[in-house]
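Below are my comments on the model, set out as numbered points. Please read them alongside the sequence and the coordinates.

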Amino acid sequence: MGNSIEVKDLTLNFGSVSVLKNMNLDVQEGEFVVLLGPSGCGKSTLLNCLAGLLDITDGQIWIKGKNVTWSEPSERGIGMVFQSYALYPQMTVRGNLSFGLKNAKVPQPEIDKRIARAAEILQIQPLLDRKPAALSGGQRQRVAIGRALVRDVDVFLFDEPLSNLDAKLRSELRVEIKRLHNQLGNTMVYVTHDQIEALTLADRIAVMKGGVIQQLAGPQEIYNRPSNLFVAGFIGSPSMNFLPGKTVDGGKALVFGDQRIDLAGYDGGTVLERDQAILGVRPEHITVSASAPAGPSIPAVVEIDENLGADSLLWLKAGAKDICVRVPVEGRLPAGTKVHLGLDIAKASLFDTKTEQRI
Amino acid sequence: MASQSRPFRLLHNLNAKIAALPMVLTTMVVFVGGTIWTVFYSFTDSKLLPRERFVGFDQYERLWSNSRWAVSIENLAFYGVMSLVFTVVMGFILAVLMDQKIRYEDTFRTIMLYPFALSFIVTGLVWQWILNPDFGLQGIVRGWGWESFSFDPLHSPETVLYGLLIAGLWQGTGFVMCLMLAGLRGIDEDIWKAARVDGIPTWKTYLVVVVPMMRPVFITTLVIVAAGIIKLYDLVVAMTSGGPGGNASQVPAMYVYDYMFQAQNLGQGFAASTMMLLSVLIVLIPWAYLEFGGKKHG
Amino acid sequence: MADASMSGSLAMTGPRGAKPKRALNPRNIMLYGILLLVCLYYILPLWVMIMTSLKGMPEVRLGNIFAPPVEITFEPWVKAWATACTGLNCDGLSRGFWNSVIITVPSVILSIIIASVNGYALINWKFKGSEVFFTILIFGSFIPYQIMLYPIVILLREAGLYGTLWGLVLVHTIFGMPILTLLFRNYFSSIPEELFKAARVDGAGFWGIYFRIMLPMSLPIFVVALILQVTGIWNDFLFGVVYTKPDLYPMTVQLNNIVNSVQGVKEYNVNMAATLLTGMVPLVVYFVSGKLFVRGIAAGAVKG
């Protein structure tokens with residue numbers, strides 16, 4: 001399969017502010033790529049550039065092997081779904097779906113056929129003659145997806161499509177979008193700030209910050225081997241625990257406070273001796289025990305425990321450092337309990353403090 | 001249709017640029033160009049037609065030594081200050097009264113605002129009639145037996161401006177009241193609740209809490225009203241034609257019109273209108289600074 | 001305010017739904033008293049106009065201007081409309097009325113079309129410098145017209161439009177542009193930008209989006225603009241005097257000429273009928289439009 005979307009050295013400046021910096025991104029045909037990042041990271045801006053709604057400063061955008069850098073949005077072979085649904089309020093659902101096709105002078109029988117198909121896929125047949133105001137949020141978003149669907153294009157762009165929905169509907173539609181992707185096999189680029197959406201939907205996730213893609217990889221890779229401190233801290237809830245220290249013995253161990261943590265089994269590059277390094281361990285990769293376990297461990301005191309129902313979060317203090325551990329509900333401990341925290345080094349990440357990159 | 005290279009910048013979004021052409025022409029040719037043109041020719045001795053014979057500040061010297069202009073400026077200053085103070089104070093008080101969750105609010109507002117829909121000509125002519133010494137207010141009171149009663153503002157140079165004010169306030173106060181009322185309605189209900197909880201009396205809440213919060217509304221109102229006052233022309237034409245006694249109620253706009261289109265002394269008209277522009281800028285620049293300059297600093 | 005509700009609630013024991021309030025407490029008497037007095041001041045001139053215009057001249061001379069006519073006559077109205085004299089013409093205000101109509105209608109239409117497209121372009125199709133032009137435009141609305149009067153005379157003369165109907169239409173369009181553009185720009189900015197983006201993805205262009213998406217969503221603001229322009233242009237005096245010739249004078253100019261003419265015996269009843277006739281159009285617009293009028297004039301105070 002070839003590339004569906006190619007972004008080459010894309011740069012976008014608003015006046016003197018650089019919003020996207022020299023960005024490169026290839027999206028395979030049929031791939032589901034999620035652009036993830038905090039607000040202001042440029043993810044929606046990138047999507048708008050792909051759609052042709054923003055004029056870029058420099059670089060090129062290719063879609064399906066065609067240079068579309070300066071093409072009109074409607075000529076790029078894309079469909080787009082917006083956060084606020086953006087349905088035309090004065091038109092019926094049918095009018096909304098056919099507006100683009102009429103602009104493209106698609107013959108009426110073909111329009112009817114495509115609307116019928118989209119309505120069937122999205123199960124919105126009973127809504128076709130209603131106005132958007134008479135629809136619920138979930139129904140509106142289905143219609144908005146339908147508007148992209150009838151265009152019969154290869155690339156779908158989603159701009160935070162589920163952000164305006166409540167939690168229950170959001171998870172329902174999330175599953176539906178996944179199903180739609182499996183069924184249609186289109187290329188999809190999906191912008192969100194919600195990491196659950198990203199992790200569940202994506203074939204690959206592009207984590208963005210400050211107009212730069214920090215890491216582009218599959219969800220598992222992003223979660224387990226974050227390429228830098230930002231990605232490590234951004235993905236996962238609660239956040240990864242960061243233990244600052246320095247590496248000694250040619251990189252065999254990390255000194256954290258007065259504790260020595262053996263780095264044997266670390267899954268990464270050569271550690272070397274560094275004055276400043278940070279060991280990142282996710283809450284679920286730490287075990288709690290009364291006595292020191294066999295592997296590397298640090299002592300800590302329980303401060304608070306939060307019962308989440310399915311499992312429980314322990315908030316502890318190791319020296320001055322706050323640490324969070326995910327434990328089964330049975331493993332809950334009262335405040336003040338002194339424990340030892342066993343660290344799973346094989347699943348941990350080590351970062352250089354200066355470069356913030358994973359070692 | 002896949003264009004390979006960046007399209008020519010000027011042709012980009014061509015339709016939008018064509019559509020904006022009237023605005024661009026208006027701003028550049030009429031507003032900016034016209035203003036510069038007039039200022040430029042105010043330094044010439046243009047008479048019937050504009051001509052480029054420069055006389056430096058002669059026109060301005062002549063302007064300021066002309067007693068008619070001096071009276072115009074005095075009149076405008078007096079009328080302007082009185083009108084500003086009264087419209088804003090009365091407008092605010094009326095708005096506060098209207099904000100007491102009264103019944104028939106729409107009716108009251110409709111009555112107070114209708115004069116604003118009328119032209120200054122109509123306003124001026126009605127009040128000219130009401131203030132008519134023989135048949136108007138004065139005549140009626142005298143008819144009741146109070147023979148010495150005197151209320152004839154339009155025919156005495158000392159009082160003619162009050163006559164104009166009565167009509168001007170009638171026309172414009174309702175408008176200011178509406179702006180103020182909108183400002184009052186824009187204040188968060190919770191402020192009132194908080195003031196109630198703190199035990200602050202209503203009148204004090206208005207004075208200490210609400211008025212400072214409405215600062216932007218006051219400033220905007222002042223600017224709009226002031227800009228309108230400087231243009232004052234129709235009302236004077238209709239009520240007094242600048243009289244009595246020749247120039248007791250002259251205003252700058254009238255001076256400009258007369259010199260440009262009647263006396264065929266364009267240079268004087270240009271100099272006078274440039275002075276009008278200057279006076280607007282004195283109001284406008286501090287306001288723009290407060291309004292827009294302040295925002296950038298947070 | 002607090003006192004009144006306190007005493008009210010003490011008088012009634014136990015909760016009884018809405019907060020009790022006596023209608024006739026001193027505070028309310030004061031409040032409504034002041035408001036009614038103020039309204040009297042506002043209504044008086046309209047009353048006087050109507051009463052005077054329905055009296056014959058002998059009754060005007062003898063009677064009280066506030067008193068209703070003893071004998072109602074419509075003669076002053078007929079005379080004001082059909083035979084009152086300005087200079088050499090003695091065909092009444094009707095000429096001015098029709099002049100005002102043929103000035104107002106195209107001016108309103110043209111100014112609204114241009115300003116609405118401006119506002120739309122400023123919000124959705126920003127181009128380099130568009131905000132600068134807009135700022136100048138808004139500042140332009142505060143500049144005294146007097147400074148632009150003569151340059152416009154020259155421009156119109158060069159274009160062969162000086163003294164013509166279309167010249168005046170152009171002037172009204174130009175001077176209506178700042179406030180109307182602000183009005184439309186503010187309104188369009190409240191329409192979600194994503195709607196515009198969606199329409200672009202759907203292949204609609206500049207005019208397609210304007211006519212198919214923006215226009216149908218903005219009918220109320222077009223009505224507001226219509227009210228603003230009809231009253232504003234109808235009431236204009238200065239531009240009418242400067243840019244037209246006597247046979248094209250709008251109603252306001254003709255009215256002033258009739259009432260303030262020096263020759264002849266003053267016919268106050270005819271004058272008032274003429275004044276009322278001239279004020280009729282904006283008054284009807286005002287009373288029919290109600291709250292939309294308020295919205296229109298408040299638009300001037302809304303910051304851009």
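1. From the N terminus onward, the elements of chain B follow the order α-α-α-α-α-α-α-α-α-α-α-α-α-α, and the tally for this chain is 14 helices and 0 strands. Please keep in mind throughout that this is a predicted model, and that the values in this note are to be read accordingly.

2. On overall dimensions, chain B has a radius of gyration of 25 Å, whereas a compact globule of 298 residues would have one near 19 Å. Its C-alpha atoms fill a box of roughly 85 × 60 × 35 Å when the principal axes are used. Of the 298 residues in chain B, 40% count as buried, and among the contacts in this chain with a separation of 6 or more, 69% are between residues 24 or more positions apart.

3. The domain assignment of chain B deserves a comment, since it divides the chain into domain 1, residues 1-41, and domain 2, residues 59-296. The centres of these two domains of chain B, taken over C-alpha atoms, are separated by 37 Å, and the contact between them involves 4 residues of domain 1 and 4 residues of domain 2. On the domain 1 side of chain B, the residues that touch domain 2 comprise 2 nonpolar and 2 polar residues, with no charged ones.

4. Turning to the interface between chains B and C, 73 residues of chain B are in contact with 69 residues of chain C. Which helix of chain B gives the most to the side that touches chain C? That is helix H2 of chain B, residues 21-41, which provides 13 residues. By class, the side of chain B that touches chain C divides into 52 nonpolar, 18 polar and 3 charged residues.

5. Chain C contains 15 helices and 0 strands. Its radius of gyration of 26 Å is well over the 19 Å that the globule rule gives for 304 residues, so chain C is more spread out than a compact globule. Along its principal axes, the C-alpha trace of chain C spans about 80 × 70 × 35 Å. Buried residues make up 47% of the 304 residues in chain C, and residues 24 or more positions apart account for 70% of those contacts in chain C that have a separation of 6 or more.

6. One helix of chain C merits separate attention, namely H8, residues 165-189, whose 25 residues reach 34 Å from the first C-alpha to the last, close to the 36 Å expected at 1.5 Å a residue. Within H8(C) there is nevertheless a kink of about 50 degrees at C:Met177, which lies shortly before the proline C:Pro178. Because 21 of the 25 residues of H8(C) are buried, this helix is largely enclosed by the rest of the structure.

7. Finally, chain A is also assigned two domains, with domain 1 covering residues 3-234 and domain 2 covering residues 241-352. Taken over C-alpha atoms, the centres of the two domains of chain A are 39 Å apart, and 6 residues of domain 1 are in contact with 5 residues of domain 2. The side of domain 1 of chain A that touches domain 2 is made up of 3 nonpolar, 2 polar and 1 charged residues.

Conventions. Residues are numbered from 1 along each chain as its sequence is written. Chains are lettered from A and ligands numbered from 1 in the order in which they are written. This is a predicted model: local features need pLDDT of at least 70, side-chain atom pairs count only at pLDDT 80 or more; totals for chains, interfaces and linings use all residues. Domain bounds come from an automatic or database domain assignment. Two residues are in contact if their C-beta atoms, placed from the backbone, lie within 7 Å. Ala, Val, Leu, Ile, Met, Phe, Trp, Tyr, Cys and Pro count as nonpolar, Asp, Glu, Lys and Arg as charged, and the others, Gly among them, as polar. Helices (H or I, at least four residues) and strands (E, at least two) are DSSP runs, numbered from the N terminus. The radius of gyration is taken over C-alpha atoms; the globule rule is 2.2 Å times the number of residues to the power 0.38. A residue is buried if 20 or more other C-beta atoms lie within 10 Å of its own, exposed if 12 or fewer, and partly exposed in between; C-beta atoms are placed from the backbone. The expected span of a helix is 1.5 Å times one less than its number of residues. The bend at a residue is the angle between axes fitted to the seven residues ending there and the seven starting there.
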